[in-house]
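Reader: Got a minute to go through the empty space in this one? I'd like to start with the cavities and then move to the ligand.

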Amino acid sequence: MTKIRKIQLNENDMPTQWYNIQADMPNPLLPLLHPGTKQPIQPADLEPLFAQALIEQEVSKERYIDIPEEVLDIYKLYRPTPMHRAYNLEKILGTPAKIYYKNESVSPPGSHKPNTAIPQAYYNYKQGVKKMTTETGAGQWGSALSFATNFFGIECKVFMVKVSYQQKPYRKSMMNLWNGSVIPSPSMETNAGRGFLAEDPDCPGSLGIAISEAIEVAATHDDTKYSLGSVLNHVLLHQTIIGLEALKQLEMAGDYPDLVIGPFGGGSNFGGLSFPFLRHNFTEGKKTRCIAVESTSCPKLTKGKFEYDFGDTAGMTPLIPMYTLGHTFIPPSIHAGGLRYHGAGAIVSQLLKDGLIEASAVAQTESFEAAVTFARAEGMIPAPETSHAIAQVIREANMAKQEGVSKNILFNFSGHGLLDMGAYDEYFTNHLLVK
Ligand SMILES: *Cc1c(COP(=O)(O)O)cnc(C)c1O
């Protein structure tokens with residue numbers, strides 16, 4: 001039998017709508033609350049920060065939302081992305097499980113993040129917005145937004161978590177190349193940043209702090225809007241292009257997943273891959289298990305509480321109903337910068353609370369072991385975030401072996417680690433600060 005390693009969709013078969021899981025969730029989301037009044041916020045309250053079209057998508061209950069032509073056109077620079085069957089990994093593990101992965105690392109910035117950066121830049125451009133601010137952890141989101149805003153002539157200012165700014169200098173170069181400007185956070189540019197530095201001049205920063213800085217700049221400048229790379233409903237909506245393509249590709253392979261696995265920072269790549277499959281759970285009686293994999297250093301899903309909390313550290317965002325470690329939690333400096341966020345998106349939190357998805361946590365050392373096993377088997381070098389999902393895949397594949405049952409595992413290869421080789425060096429020389 002000839003092996004098919006890559007399952008490729010034609011450009012013409014790329015989905016032309018995103019899937020909105022809010023149309024099918026058994027329990028609807030609790031409302032966002034105004035931080036001052038503690039009353040549900042109105043969409044208009046978000047207008048100083050976000051483009052109108054994105055606010056509409058945030059609260060929409062429409063099942064399918066058209067992807068604008070201009071967005072599809074830029075998607076086609078790297079989409080549809082390939083799906084791979086990990087034959088070599090299956091063989092090394094000696095597992096009866098079939099392992100598939102969706103390869104989002106082929107985008108120019110190297111991760112799934114441009115899937116939402118492009119529509120966010122587009123809707124802001126349509127509204128006449130001239131500047132956008134954002135935060136970035138490891139630099140994946142900042143590079144994706146710089147890449148996207150550059151196409152639409154929007155200026156992009158990125159507050160980058162200081163520890164990552166120091167660990168990953170080439171991410172900064174990448175943002176600069178696409179005309180983004182980069183500021184290590186906490187910075188002296190904002191009230192929020194100056195406050196954190198006064199408390200701790202050596203503060204390594206966190207996503208929550210960087211968000212506070214980026215929001216402050218947008219809220220205090222009329223021509224500037226803010227953009228978030230994860231957590232929010234419209235971000236997860238845009239990412240469903242991943243799962244919608246994956247459904248078609250598995251259909252081409254004649255398979256359907258028993259397990260869908262993604263690394264978890266705020267929920268965007270996990271939601272993007274899993275929601276179209278969850279729809280079949282809700283509406284067609286399928287029983288796919290969807291597992292979000294977080295870091296043991298930032299375990300909001302497995303150890304956090306479901307409650308209203310702020311999305312940022314300074315407490316400027318609306319209160320979000322979510323699993324959280326508390327908005328002042330500053331996670332240890334693991335290399336998977338994209339997983340260093342104290343909370344989880346509202347949709348994913350509600351699904352977890354309702355027992356419709358599962359969560360697990362992986363320690364940094366296990367994630368690097370898994371990454372090395374994967375890279376030696378399949379060739380591709382995973383981003384540190386992605387490696388967390390791979391560790392869970394290996395756990396599940398080993399369990400299938402012990403139980404002697406085959407299962408179909410699909411995971412999201414959310415990004416490559418080519419700019420993370422310093423982190424791999426630390427692992428190889430036994431210098432990882434966080435085990
Ligand atoms: C940002 C990032 C993540 C985590 O963010 P989510 O919004 O939870 O997807 C995972 N993998 C990579 C490669 C990332 O860049």
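Reader: How do the residues lining the largest cavity divide into nonpolar, polar and charged?
Author: This is a predicted model. The lining of the largest cavity has 10 nonpolar, 18 polar and three charged residues.

Reader: What volume does the largest cavity have?
Author: About 370 Å³. Its lining has 31 residues, and the closest to the centre are K113, L207, S230, G265 and G338.

Reader: Which elements give two or more residues to that lining?
Author: They are β6 (131-136), α5 (140-151), α9 (207-219), α11 and α15.

Reader: Where does the ligand sit?
Author: In the largest cavity.

Reader: How many residues surround the ligand?
Author: There are 19. K113, S230, G265, S268 and N269 are the closest.

Reader: What about polar contacts? Start with K113. What is the distance from its side chain to the ligand oxygen?
Author: An N or O atom in the K113 side chain is 2.5 Å from an oxygen atom of the ligand.

Reader: And S230, what distance there?
Author: A polar atom in the S230 side chain lies 2.5 Å from a ligand oxygen.

Reader: Which part of G265 lies 2.6 Å from an oxygen atom of the ligand?
Author: The backbone, through an N or O atom.

Reader: How much of the ligand does the protein bury?
Author: The protein buries 98% of the 380 Å² that the ligand exposes when taken alone.

Reader: Which helices supply at least two residues each to the ligand shell?
Author: α11 (268-284) and α15 (384-403) do.

Reader: How does the shell divide by class?
Author: Four residues of the ligand shell are nonpolar, 13 are polar and two are charged.

Reader: Back to cavities. How many of 30 Å³ or more does the search find?
Author: Two, across the whole structure. The second largest cavity holds about 190 Å³ of space.

Reader: Which residues lie nearest the centre of that second one?
Author: F50, L228, L232, T317 and P318. They belong to a lining of 18 residues.

Reader: Which helices supply at least two residues each there?
Author: For the second largest cavity, α1 and α9.

Reader: And the class split for that lining, what is it?
Author: The second largest cavity is lined by 13 nonpolar, three polar and two charged residues.

Reader: Switching to pockets. How much space lies in the largest one?
Author: About 330 Å³. Of its 20 lining residues, L30, P31, L32, V59 and N233 are the closest to the centre.

Reader: Which elements give two or more residues to that pocket?
Author: α1 (52-59) and β13 (319-324). The largest share comes from α1, with three residues.

Reader: What classes line the largest pocket?
Author: There are 15 nonpolar, three polar and two charged residues.

Reader: What's the volume of the second largest pocket?
Author: About 210 Å³.

Reader: Which residues lie nearest its centre?
Author: P35, D45, L49, M316 and P318 lie nearest the centre of the second largest pocket, out of 13 lining residues. By class, its lining has nine nonpolar, two polar and two charged residues.

Reader: P318 came up twice. Where?
Author: P318 is among the residues nearest the centre of the second largest pocket. P318 is also among those nearest the centre of the second largest cavity.

Key. Residues numbered from 1 in each chain as written. Predicted model: local features only at pLDDT ≥ 70, side-chain atom pairs only at ≥ 80, totals over all residues. Heavy atoms only, no water. Near = heavy atom within 4 Å. Polar contact = N/O pair within 3.5 Å; in protein donor to acceptor, adjacent residues only side chain to side chain. Areas by Shrake-Rupley, 256 points an atom, 1.4 Å probe, with all protein chains shown as cover. 1 Å grid on protein atoms, 1.4 Å probe; cavity = no way out; pocket = protein on both sides within 12 Å on 5 of 7 lines; lining within 4 Å. Sits in = over half its atoms within 2 Å of the grid points. Helix = DSSP H or I, 4+ residues; strand = E, 2+ residues; numbered from the N terminus. Nonpolar A, V, L, I, M, F, W, Y, C, P; charged D, E, K, R; others polar. Points joined across faces, edges and corners; volume = space filled by probe spheres on them.
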